[in-house]
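I opened this model to look up its fold, its cores and its helix packing. My entries follow.

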Amino acid sequence: MHIIIDGYNLIRQSDHLRSVDRRNLEAGRDALIRFLAPYRRGRGHAMTVVFDAWDGGSPREERDRQAGIDIVYSRRGRKADDVIKEMVEKQTRTETLVVTSDREIADYAVRRSAAAVSSPEFERAVLRFYEKRFFPAVSEEMDEEDRSGKGTRKKGPSRRISRGAKDFQKRVEKL
């Protein structure tokens with residue numbers, strides 16, 4: 001799976017990363033990469049983070065690689081949204097997941113047979129991964145509480161979830 005992340009969108013949707021970003025833009029980007037690096041190593045997914053350089057960036061698109069994560073800075077005058085759309089268009093060989101809360105980009109990705117997940121949902125998936133990996137006892141207790149069967153069980157079709165909800169669950173489970 002190749003995960004393409006709208007970098008500033010994820011930073012600004014996350015309480016922790018947003019607070020770092022407010023102090024210093026570069027520190028916010030570094031904090032995002034540090035947040036993603038153990039997840040990328042543990043899951044083995046290819047990952048690309050795209051940042052805007054709309055106003056003050058280089059006249060050419062710049063690329064970097066840190067902790068196994070590809071980083072793309074759009075050229076001056078070009079939005080990260082356009083870079084992400086171009087990347088989705090070119091992805092044919094692997095399954096692609098786009099992480100953004102921007103509805104336009106998410107819809108574009110889905111129309112091009114890629115999956116899309118919101119930035120907060122992706123952040124929760126990464127945090128769940130960290131819980132299971134670094135705090136397995138706590139994670140198991142929480143799973144047991146979920147399976148305890150408390151509450152009423154409905155019968156019949158009302159228990160079924162929609163096809164769209166099933167597809168969404170499958171995308172999140174792959175994270």
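**Fold and layout**

I read along the sequence first and noted the pattern β-α-α-α-β-β-β-α-β-α-β-α-α-α. That gives eight helices and six strands in the chain. I keep in mind that this is a predicted model.

I then looked up burial. Of the 175 residues in the chain, 39% are buried. I also checked sequence separation in the contacts. Among contacts with a separation of 6 or more, 53% join residues 24 or more positions apart.

**Cores**

Next I asked which residues have the most contacts inside the largest nonpolar core. They are Ile5, Leu36 and Phe122, in a core of 27 residues. Helix α3, residues 25-43, gives this core its largest share, seven residues.

I followed Ile5 further. I left aside its neighbours within four places in sequence. Ile5 then contacts Leu10, Leu36, Met47, Thr48, Val49, Val50, Val99 and Phe122. Leu36 and Phe122 are thus on the contact list of Ile5, and both are also named with Ile5 for the most contacts inside the core.

I found a second core, separate from the one above, with 15 residues. Ile4, Val72, Ala109 and Ala116 are among them. For background, I noted that nonpolar side chains tend to be buried together in soluble globular proteins.

**Helix α3 against α6**

I turned to the packing of α3. How are α3 and α6 oriented to each other? I looked up the angle, about 65°, and the axes, which lie 10 Å apart. Helix α6 covers residues 119-134. An angle of 65 to 115 degrees counts as roughly perpendicular, so α3 and α6 are roughly perpendicular to each other. The crossing of α3 past α6 is left-handed.

I listed the contact residues next. From α3 come Phe35, Leu36, Pro38, Tyr39, Gly42 and Arg43. From α6 come Phe122, Glu123, Val126, Leu127, Phe129, Tyr130 and Arg133. By class, I logged nine nonpolar, one polar and three charged residues in the contact of α3 with α6.

**Helix α2 against α3**

I did the same for α2, residues 15-23. It packs with α3 at an angle of about 150°, with the axes 5 Å apart. Angles over 145 degrees count as roughly antiparallel, so α2 and α3 are roughly antiparallel to each other. Here α2 passes α3 in a right-handed crossing.

On the α2 side I noted Leu17, Val20 and Asp21. They meet Leu25, Ala27, Gly28, Ala31 and Leu32 in α3. My class tally for the contact of α2 with α3 is six nonpolar, one polar and one charged.

Note on methods
Residues are numbered from 1 along each chain as its sequence is written. This is a predicted model: local features need pLDDT of at least 70, side-chain atom pairs count only at pLDDT 80 or more; totals for chains, interfaces and linings use all residues. Side-chain values use heavy atoms; hydrogens and water are left out. A nonpolar core is a set of buried Ala, Val, Leu, Ile, Met, Phe, Trp, Tyr and Cys residues joined through side-chain atoms within 4.5 Å. Buried means under 20% relative accessible area, exposed over 50%, partly exposed in between (1.4 Å probe, protein chains only). Helices (H or I, at least four residues) and strands (E, at least two) are DSSP runs, numbered from the N terminus. Contact means heavy atoms within 4.5 Å. Axes are lines fitted to C-alpha atoms, for helices over the stretch in contact, and angles run from 0 to 180 degrees between N-to-C directions. Angles under 35 degrees count as roughly parallel, over 145 as roughly antiparallel, 65 to 115 as roughly perpendicular and the rest as oblique. A crossing is left-handed if the near helix is turned anticlockwise from the far one by less than a right angle, and right-handed if clockwise. Ala, Val, Leu, Ile, Met, Phe, Trp, Tyr, Cys and Pro count as nonpolar, Asp, Glu, Lys and Arg as charged, and the others, Gly among them, as polar.
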